[in-house]
Amino acid sequence: MPPNSSAPPPRQPAALWAYDQLLDELVAANRILLHHQIVDSFGHVSARHPDRPDRFLMSGRKAPSLVERADIREFGLDGELAVPDGTPSFLERYIHSAIYTARPDVQSVVHSHSPGIIAFGVVPETPLRPICHTCGFLGGGAPVFEIRDELGPASNLMITNQTLGLALAKKLGSASYVLMRGHGSTAVGRNLPESVYNAIYAETNARIQTTAMTMGPVTFLSPEEAAATSGGGPIVVERTWNHWKSEIAS
Ligand SMILES: [Zn+2]
């Protein structure tokens, strides 16, 4: 829910990295997501500005394989460039701006069209549910955003303004992951590694769940097991992040 104007400034978790290092880590995040086939020509990742909660950092409109440090721009929570420079921005940047507006706890957002999860957004009878201990962040199951509720049956399914972004953020609620019917998904985290982790492991969960459902009735994590295994904390985040960075180093 968007904060009202009289609300105190949003509080954010302690920043993992200072601004200068965060630029390099954002470039790494693009490569990591590409390496794990979460993004391809499309998809984007952002992080909230460590010193200014009313801004976030994201590349200009480029394929993840081509993003360099100099491509990172600052955006306001309205989704517009903080300092307009004439460079093109992602059409779906409002996914990020709206979620940062609605969720002061969120420090990073990944939007992608990774293929394994698409099926779970279009079959209402089969929700994406946590199936293993690395995917407890899926909680009781991922919510599904239906853009027809906002735009009717003839849209291009994309989040192209702040109003649509806020509707997506409302569907996300307090969750870590939201499916977007016929389109893709959005993962959030309390820091950059966590949002990347959630994006990668939601796709892993989808692949395992798809296989398991062909074998018979599936035993999913209970809500208590999901809670007990979610939020792996800094050790898991650091270990996975360092591992992922080593994979893209060569
Ligand atoms: Zn998209």
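**Notes on a predicted zinc-site model**

1. Let's begin with the sheet. Strand β2 (residues 55-59) is joined to β3 by five bridges, and the two strands run antiparallel. Within that pairing, M58 stands opposite R73 in β3. Please keep in mind as you read that this is a predicted model.

2. How does this pair fit into the wider sheet? The sheet is open and has seven strands, in the order β3-β2-β1-β4-β7-β6-β5, with mixed pairing. Its edge strands are β3 and β5 (144-145), each of which pairs on one side only. Further in, strand β1 (residues 44-48) pairs with β4 in the antiparallel sense, over four bridges. If you would like a residue pair to look for there, S46 has V109 in β4 as its bridge partner.

3. Back to β3, which deserves a second look. Although β3 is an edge strand, five of its five residues are buried, so the rest of the structure largely encloses it. In a regular strand the side chains alternate between the two faces of the sheet. In β3, both faces are covered: I72, E74 and G76 are buried on one side, and R73 and F75 are buried on the other. R73, then, is both buried and the residue opposite M58.

4. Which residues of helix α2 are buried? They are Y94, I95, H96, S97, A98, I99, Y100, T101 and A102. That makes nine of the nine residues of α2 (residues 94-102), so this helix is largely enclosed by the rest of the structure. An α-helix has 3.6 residues a turn, so residues three or four places apart point the same way. For α2 the buried set covers the helix from Y94 to A102.

5. Now for the metal. Which residues coordinate the zinc ion? The donors are E92 (OE), H111 (NE2), H113 (NE2) and H183 (NE2), at 2.0 to 2.1 Å. Along the chain these donors follow the spacing E-x18-H-x1-H-x69-H. The pair E92 and H113 links distant parts of the chain, 21 residues apart: E92 is in the loop between β3 (72-76) and α2, while H113 is in the loop between β4 (108-112) and α3 (115-122).

6. A word on the geometry of the site. Ideal angles at a metal are 109.5 degrees for four tetrahedral donors. Here the angles among the four donor atoms run from 94 to 144 degrees, and the site of the zinc ion is irregular. The upper end of that range matters for the label, because four donors count as tetrahedral if all angles lie between 85 and 135 degrees. Two of the donors can also be described by their exposure: E92 is buried, with a relative accessible area of 3%, whereas H113 is partly exposed at 28%.

7. Both of those donors turn up again in a pocket. The second largest pocket holds about 190 Å³ of space. Its lining consists of S41, F42, G43, H44, R61, K62, A63, F90, L91, E92, H113 and M158. By class, that lining has five nonpolar, four polar and three charged residues. E92 and H113 are thus lining residues of this pocket as well as zinc donors.

8. There are enclosed spaces to consider too. How many cavities of 30 Å³ or more does a search of the whole structure find? The search finds two. The second largest cavity holds about 30 Å³ of space and is lined by F145, I147, L157, I159, M180, R181 and H183. This lining divides into five nonpolar residues, one polar and one charged. H183 is another zinc donor with a place in a lining, here that of the second largest cavity.

9. Two backbone angles may catch your eye. Most residues other than glycine have a negative phi. L157, one of the residues lining the second largest cavity, has a positive phi near 70 degrees. L157 sits in the loop between α4 (148-151) and α5 (162-172) and is partly exposed, with a relative accessible area of 22%. Q37 also has a positive phi, near 60 degrees. Q37 belongs to the loop between α1 (19-35) and β1 and is exposed, with a relative accessible area of 62%.

10. Finally, a contact across the chain. T229 lies in helix α7 (residues 223-229) and counts as partly exposed, at 31% relative accessibility. T229 and C132 are 97 residues apart in sequence, with 9.1 Å between them in space, C-alpha to C-alpha.

How values were computed. Residues are numbered from 1 along each chain as its sequence is written. This is a predicted model: local features need pLDDT of at least 70, side-chain atom pairs count only at pLDDT 80 or more; totals for chains, interfaces and linings use all residues. Side-chain values use heavy atoms; hydrogens and water are left out. On a 1 Å grid over the protein atoms alone, a cavity is a set of points where a 1.4 Å probe fits but cannot get out, and a pocket is an open set with protein on both sides within 12 Å along at least five of seven lines; lining residues have an atom within 4 Å of a point. Grid points are joined across faces, edges and corners, and a volume is the space filled by probe spheres set on the points. Ala, Val, Leu, Ile, Met, Phe, Trp, Tyr, Cys and Pro count as nonpolar, Asp, Glu, Lys and Arg as charged, and the others, Gly among them, as polar. Buried means under 20% relative accessible area, exposed over 50%, partly exposed in between (1.4 Å probe, protein chains only). Donors are N, O and S atoms within 2.8 Å of the metal (3.2 Å for Na, K and Ca); water is not among the atoms, so sites may look incomplete. Four donors count as tetrahedral if all angles lie between 85 and 135 degrees; four count as square planar and six as octahedral if opposite donors are over 155 degrees apart and all others between 65 and 115; anything else is irregular. Two strands pair if DSSP finds at least two bridges between them.
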